[in-house]
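Here is a short set of exercises to work through with the model on your screen. Try each task before you read its solution.

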Amino acid sequence: MGTEAMGYVLGQQCAPVIAGIKPSNLLIVEKGNQSRLKHLLKGTDLCGYLLYTSAEKDYWLLYEAKGLERVLSDDGKREYLRECGYGEGALTVDAVLPPLARRFRCYKEEKGEFPHEMGVFFGYPLGDVKGFIENKGQNFKLSGYWKVYDDVAYASRIFELYEAARKKALALCSQGMRISDIWKNFRMAGVSI
């Protein structure tokens, strides 16, 4: 996969993160593109953490550290992550990524369930993450970027923001703009979470 094609995949899968309106997202790319990803993220505050490698794909958590730090500073989300086994000490970005990778790897190797708490890392409302688990993915009020069990009006607004970010990022990618320039473009527009 060439750098330009990978930039488009990054825009397709992670535009809300690039835009600064989502703290993280799962990025799935062809195996062996670590150096391309690192090159694409140069000049941004975006980071990639390799969660799992299969025979054909790499599964990355693409994130902006300050966005994840905001998630981890929320008392309810922090307590929930502790209940999920993320430790008793300070929950920092560096502290939560290795257990997330272990839980995701167990899931991919069919040794455990999907780590639904990943929705917390993605910035989804805690009520919706818990609602999904309690309802086993059923009985939701709205489905879009996630399944909504609580505040439909809030989720609808966020879905619109995510979709607008995706369309803008892909339009800029198709014009040949680099991810670092797209990231800067969003920041100059003042879009953030």
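**Exercise 1. Find which residue stands opposite S24 in strand 3, and work outwards to the sheet.**

Step 1. Opposite S24, in strand 3, you will find Y63. Strands and helices here are DSSP runs numbered from the N terminus, E of at least two residues for a strand and H or I of at least four for a helix. A word on the model: it is predicted, local features need pLDDT of at least 70, side-chain atom pairs count only at pLDDT 80 or more, and totals for chains, interfaces and linings use all residues. Residues are numbered from 1 along each chain as its sequence is written, and side-chain values use heavy atoms, with hydrogens and water left out.

Step 2. Look at the partners of strand 1. It runs antiparallel to strand 3 (residues 57–64), and 7 bridges join the two. Pairing requires that DSSP finds at least two bridges between two strands. Another facing pair is L26 with L61 in strand 3.

Step 3. Cross to strand 2. It too pairs with strand 3 in the antiparallel sense, over 7 bridges, and L46 stands opposite E64 in strand 3. Strand 2 and strand 3 make a hairpin, with 3 residues between them.

Step 4. Put the pieces together. The result is an open sheet of 3 strands in the order 1-3-2, paired antiparallel. Its edges are strand 1 (24–30) and strand 2 (46–53), each of which pairs on one side only. On average, and ignoring direction, neighbouring strands of this sheet are turned by 30 degrees against each other.

**Exercise 2. Which helix packs on the sheet, and which strands does it touch?**

Step 1. Helix 5 (residues 93–108) packs on the sheet and touches strand 1, strand 2 and strand 3; contact means heavy atoms within 4.5 Å. The direction of helix 5 makes about 30 degrees with that of strand 2. Axes are lines fitted to C-alpha atoms, for helices over the stretch in contact, and angles run from 0 to 180 degrees between N-to-C directions.

Step 2. Check how covered strand 1 is. Of its 7 residues, 5 are buried, where buried is under 20% relative accessible area, exposed over 50% and partly exposed in between (1.4 Å probe, protein chains only).

**Exercise 3. Compare the packing of helix 3 with helix 5 and with helix 4.**

Step 1. Helix 3 and helix 5 pack at about 85 degrees, and their axes are 10 Å apart. This angle makes helix 3 roughly perpendicular to helix 5; the class covers 65 to 115 degrees, while under 35 is roughly parallel, over 145 roughly antiparallel and the rest oblique.

Step 2. Name the residues. From helix 3 come A65, L68, E69 and L72, which meet V93, V96 and L97 in helix 5. The contact holds 6 nonpolar residues, no polar ones and 1 charged. Here Ala, Val, Leu, Ile, Met, Phe, Trp, Tyr, Cys and Pro count as nonpolar, Asp, Glu, Lys and Arg as charged, and the others, Gly among them, as polar.

Step 3. Turn to the other partner. Helix 3 (residues 65–73) and helix 4 (residues 75–83) also pack at about 85 degrees, with axes 5 Å apart. Helix 3 is therefore roughly perpendicular to helix 4. V71, L72 and S73 in helix 3 meet D75, K77, R78 and L81 in helix 4, and the residues of this contact divide into 3 nonpolar, 1 polar and 3 charged.

**Exercise 4. Which residues of helix 4 are buried, and what lies at its two ends?**

Step 1. K77, Y80, L81 and R82 are the buried residues of helix 4. They pack against helix 3, helix 6 (118–121) and helix 7 (126–134).

Step 2. At the start of helix 4, a side-chain oxygen of D74 comes to within 3.1 Å of the backbone nitrogen of G76. Just after helix 4, G85 has a positive phi of about 100 degrees.

**Exercise 5. Are E110 and I158 buried or exposed?**

Step 1. E110 sits in the loop between helix 5 and helix 6. E110 is exposed because its relative accessible area is 74%. Its phi is near 60 degrees, a positive value in a residue other than glycine.

Step 2. I158 belongs to helix 8 (residues 152–174). I158 counts as buried because its relative accessibility is 13%. From C-alpha to C-alpha, I158 and K22 are 9.4 Å apart in space, with their positions 136 residues apart in sequence numbering.

Terms used. A polar contact is a pair of N or O atoms within 3.5 Å; within protein, one must be able to donate a hydrogen and the other to accept it, and residues adjacent in sequence count only if both atoms are side-chain atoms.
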